[in-house]
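Please open the structure in your viewer and keep the sequence panel in sight. The tour below proceeds by selection, with a short account of what each selection shows.

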Amino acid sequence: MSNLTVDDQDLLARIEKKPELRSVFFRKISAPKWFDVLVEKGYFNPENIPSPTEADEKGYVRIPVWEALEYLVRLSPKLVQENDKNRIGKIIEILVDSTEYAEKKEISNYQVWWRFAEILSAFPSDLIPNEISKSVRYWLSDIYDSSVVSSSLSKDILNTALEGKSSNSRNLAISLIDVFFDFEIKITKQKSGDRKEANLLLDKHYALKIVKKNGREFGRVLGREVIDLLSNKLSNLVFELENGKWSHVWQPAIEDHDQNKYHNDAENILVFAVREALLGISSVNIEETKRIVRELIGSKIDILHRIAIHLATFCDEIAAGFRSDILVGKYFNSHFRHEVWMFLKKRYPEFEPSQKKQVLAIIDGLKQFDEDGKQLVGPSAYEQACWVAAIQEYGKAERELYDRLTEVAQSQPEHPDFTNYFTMRWGGRPSPFSVTQLGAMEVEELIKSLSDYTQEKGWDKPGIEGLTKVLIEVFKLAPLKYWQHFDSLFELDFAYVHSVLKAYSEMWNDKTSLPWADIWPSIINSITNMVSKAEFWSENKAKQREDFVANRHWVVSCIAELLESGAKSDDHAFPEEVHDDVFALLIKLLDEQESPEFGENDDPVSIAINSPRGRCIEAFVNLTLRECRLRDSKTNGDHKTVWERFEPHYNKELNKAGSYEFSTLMGQYLPNFLYMSRDWTIKNLPVLFSEEDEKKWACAIEGYAYVNAVYSDVYEFLERSGMLLKVLDSGKFDGRIEDKIIQNIVINFITIWPNGAEQHTLIKVLERKHSEEIRHIVHFISGLRKSENSKLPDIVRMLWSKIIDELDTTTEEGRLVASDLCKWTSFFSSVENADEELIAFVIPFSDVNFNSYSVLENLARISVRQPLQAGKLWLQMLTNSAADYPEEAIREIFRNMHASGKDSQRLADEIADSYLKKRVLRPLEIWQDYRES
């Protein structure tokens with residue numbers, strides 16, 4: 001107490017009597033003089049650690065703070081500055097004793113452990129005993145939360161230990177790494193078997209940050225000891241998770257790569273840590289690195305082999321000594337594909353002739369066989385081409401071999417260094433099996449497991465929804481494993497059939513390099529067999545299912561999506577040999593699949609493009625287009641014979657009662673129908689837009705609203721039949737449809753200008769005096785300013801005059817139209833008298849719809865040539881506005897008016913005064929700057 005003043009002692013006595021004052025007290029003090037007396041009075045005794053208490057809400061707890069620790073948090077940096085080792089040692093004893101007490105009493109309080117971590121992180125590593133790691137382990141094992149503790153521990157303490165020069169610092173670093181990267185296995189009981197998941201003791205986010213920041217320092221500073229530590233943890237982890245043989249699934253590449261979809265799982269972080277530590281030690285001790293690589297290659301864990309091969313690929317001193325170890329047949333498979341492929345790609349030119357010969361012999365032995373043991377020529381060539389792709393640039397023989405293989409495979413591998421590119425998607429009910437578990441099964445075993453599986457009850461339990469998502473990735477992981485079994489796979493539940501179709505559809509759309517010339521006939525044949533069975537079309541198969549999984553409608557949609565993508569692009573299309581089969585398959589689907597319901601308030605386009613039958617129509621259209629383009633390329637643009645084949649089916653769809661999806665899609669695809677057969681399309685416009693069936697007519701209009709260009713034949717028919725104004729008058733379409741019709745009218749008006757302008761439908765629209773229609777015309781034409789159409793200024797003048805002749809600015813609607821017309825000032829870089837009158841009429845209303853900003857920009861442009869006229873219009877604008885942005889535009893106008901002479905300067909004075917009267921000072925200040933200059 002001798003260091004405390006009388007006032008200090010009085011304050012201490014008060015907090016002893018009134019505990020409610022302690023919180024403020026411990027947050028205010030920070031001087032070392034308080035430490036010993038607070039220790040003496042027992043404020044840091046372990047018994048003071050507060051335990052969690054029940055919260056008001058059932059099932060939740062409150063985690064209280066230990067108020068005295070706030071003082072230690074602020075005291076610790078001061079003790080370091082003063083080199084007060086004695087008190088630092090006492091504080092560390094408090095942390096250790098308190099943790100031991102909490103562990104004995106099973107007290108959980110992450111708030112306390114967080115402050116402990118903050119305190120510990122302030123001390124030099126030389127003064128922290130490595131036994132502290134036992135306490136750290138307990139802090140990180142808190143049952144409620146470890147993230148805040150992880151956050152504190154990840155900031156400085158390990159970094160400081162790695163920078164320390166003493167053996168104590170080194171030992172502390174090792175012990176902390178041992179704790180941080182240790183793991184716990186969580187086992188979840190499921191019907192399909194136990195599900196295992198690993199978590200690092202240090203929160204994965206902060207563990208990853210540490211490896212990124214310090215991973216190479218691990219190897220440089222701590223050497224072999226830390227690599228042994230981390231590689232043993234990685235080995236134990238993959239053994240516990242039973243996924244050692246599937247490392248290429250959860251870690252496709254050892255280096256940082258966008259195919260590494262899992263970054264934060266414990267095993268991935270440990271791979272990253274081992275890799276970085278190895279790279280670190282290789283920079284300071286290459287001989288030790290060689291010994292470590294030798295041991296990794298000799299291990300029983302695939303991922304350690306892959307890390308070793310990765311290091312041999314990118315480290316010159318390692319590469320040569322390990323060629324014979326890597327160039328063996330056991331590594332030329334999907335499990336080691338990426339690392340061995342990269343090794344060949346980078347190191348092949350350095351190989352001895354005998355080693356190159358050995359590589360080619362291994363590749364030649366890579367064969368694919370069917371169930372009867374017969375070699376599959378295309379898939380075998382494709383598999384071999386993937387490997388030869390790594391070396392094909394290094395010699396004539398290698399290049400010729402690659403060309404031969406890709407010719408046989410009819411495909412060039414796009415990503416030959418990976419078994420497959422794939423993207424993971426999660427959500428909904430979890431899967432009872434992992435990708436690794438399913439991928440390890442033989443096809444027959446997989447089919448049986450799927451057939452036998454029944455899901456547990458409960459929305460949070462594993463189920464078919466999660467299983468179907470995982471299945472997609474399984475098929476994408478090894479597509480060549482499954483494609484010969486489509487018939488068997490398509491006999492499964494529709495939920496799994498949908499996964500097969502989805503997986504191969506995604507791979508096709510991603511342009512995954514596969515022997516598609518073999519896959520397409522197989523999948524089309526299997527689909528045809530499936531949809532030819534009466535059971536497929538039973539009513540029961542179309543019912544909506546309890547979970548978010550596929551029924552028959554989903555499957556038909558996915559089939560159509562796959563076929564559409566196969567015909568959509570000439571650069572990426574299914575073989576022409578399958579066209580007849582696709583044609584027959586689509587006709588079958590169109591004949592059998594029922595049309596969707598179209599309600600009065602539904603969006604026809606959304607229903608059409610998302611309905612199974614609508615998707616089939618789109619696929620059929622794209623097949624027609626594909627065949628037309630192919631025939632054009634052979635006959636100099638004559639595809640009449642193609643159309644004759646397809647025409648009867650389009651006639652059937654067009655005249656089918658209730659086929660609202662076809663009317664919608666034909667309206668949307670009108671440009672394509674004009675290409676396929678202009679005569680047929682023009683002839684059938686009255687049928688498509690027939691008013692006998694009002695709903696069918698509305699669907700065609702809705703579809704047509706998505707056509708981005710104006711085709712004269714179609715427009716003239718719609719205008720001549722009065723349908724354009726009918727759409728605007730009907731009241732059954734949303735604003736987007738009406739806007740699209742108006743845009744068509746405007747574009748046609750600009751096209752024919754000035755011929756027949758006065759009788760044009762656009763003039764009739766203006767005469768209707770519907771403010772929303774007029775505002776859309778103004779807005780749409782404003783967007784055409786950059787089109788460089790020389791007609792536009794004259795068109796704008798004519799329309800502007802027509803609009804304001806009938807404009808009533810005493811109404812809110814009229815003022816909004818006037819404000820929007822201000823946008824048309826952008827069409828003029830100079831103004832004539834008539835132009836000034838048009839602008840002057842609307843410019844006072846610029847602020848009504850927030851158009852004053854653009855008006856000032858346009859006036860600034862006009863002021864370059866006509867500063868006085870720009871000033872007059874500006875003053876007119878200020879009758880109802882005080883707009884003072886954009887500042888650069890205001891400066892530009894004032895600058896040009898100042899340079900123009902006294903008349904403009906006097907007008908500028910009036911403008912500045914007008915702002916002053918409205919108590920807006922900035923424009924006045926800008927003008928005064930010019931006056932004074």
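Is helix H46 (residues 812-821) mostly covered or mostly uncovered? Select residues 812-821 in this predicted model. Helix H46 is mostly covered, with 7 of its 10 residues buried.

**First stop: the buried residues of H46**

Within H46, highlight Gly-814, Leu-816, Val-817, Ala-818, Ser-819, Asp-820 and Leu-821, which are the buried residues. Next, add helix H44 (771-782), helix H45 (792-805) and helix H47 (833-842) to the display; the buried residues of H46 pack against these three helices.

**Second stop: H44 against H46**

Retain H44 and H46 and hide the other helices. The two pack at an angle of about 5°, and their axes lie 9 Å apart. An angle under 35 degrees counts as roughly parallel, so H44 is roughly parallel to H46. To view the contact itself, show the side chains of Ser-771, Ile-774, Arg-775 and Val-778 on H44, together with those of Glu-813, Leu-816, Val-817, Asp-820 and Leu-821 on H46. Colouring this contact of H44 with H46 by residue class gives 5 nonpolar, 1 polar and 3 charged residues. Leu-816, Val-817, Asp-820 and Leu-821 of H46 take part in this contact and are also buried.

**Third stop: H15 against H16**

Now select helix H15 (residues 286-297) and helix H16 (residues 302-314), whose axes come within 8 Å and cross at roughly 140°. H15 is therefore oblique to H16. The crossing in which H15 passes H16 is left-handed. On the H15 side, display Thr-289, Val-293, Leu-296 and Ile-297; they meet Leu-304, His-305, Ala-308 and Leu-311 of H16. The contact of H15 with H16 comprises 6 nonpolar and 2 polar residues, and no charged ones.

**Final stop: the whole chain**

Clear the selection and display the complete protein chain. Its secondary structure comprises 52 helices and 4 strands. The radius of gyration of the chain is 38 Å, well over the 30 Å that the globule rule gives for 933 residues, so the chain is more spread out than a compact globule. Rotating the C-alpha trace onto its principal axes shows spans of about 100 × 90 × 60 Å. Colour the chain by accessibility: 53% of the 933 residues count as buried. Finally, consider contacts between residues at least 6 apart in sequence; 72% of these join residues at least 24 apart.

Conventions:
Residues numbered from 1 in each chain as written. Predicted model: local features only at pLDDT ≥ 70, side-chain atom pairs only at ≥ 80, totals over all residues. Heavy atoms only, no water. Axes fitted to C-alpha atoms, helices over the stretch in contact; angles between N-to-C directions. Parallel < 35°, antiparallel > 145°, perpendicular 65-115°, else oblique. Left-handed = near helix turned anticlockwise from the far one by under 90°. Contact = heavy atoms within 4.5 Å. Nonpolar A, V, L, I, M, F, W, Y, C, P; charged D, E, K, R; others polar. Rg over C-alpha atoms; globule rule 2.2 N^0.38 Å. Buried < 20%, exposed > 50% of the residue type's maximum accessible area, 1.4 Å probe, protein only.
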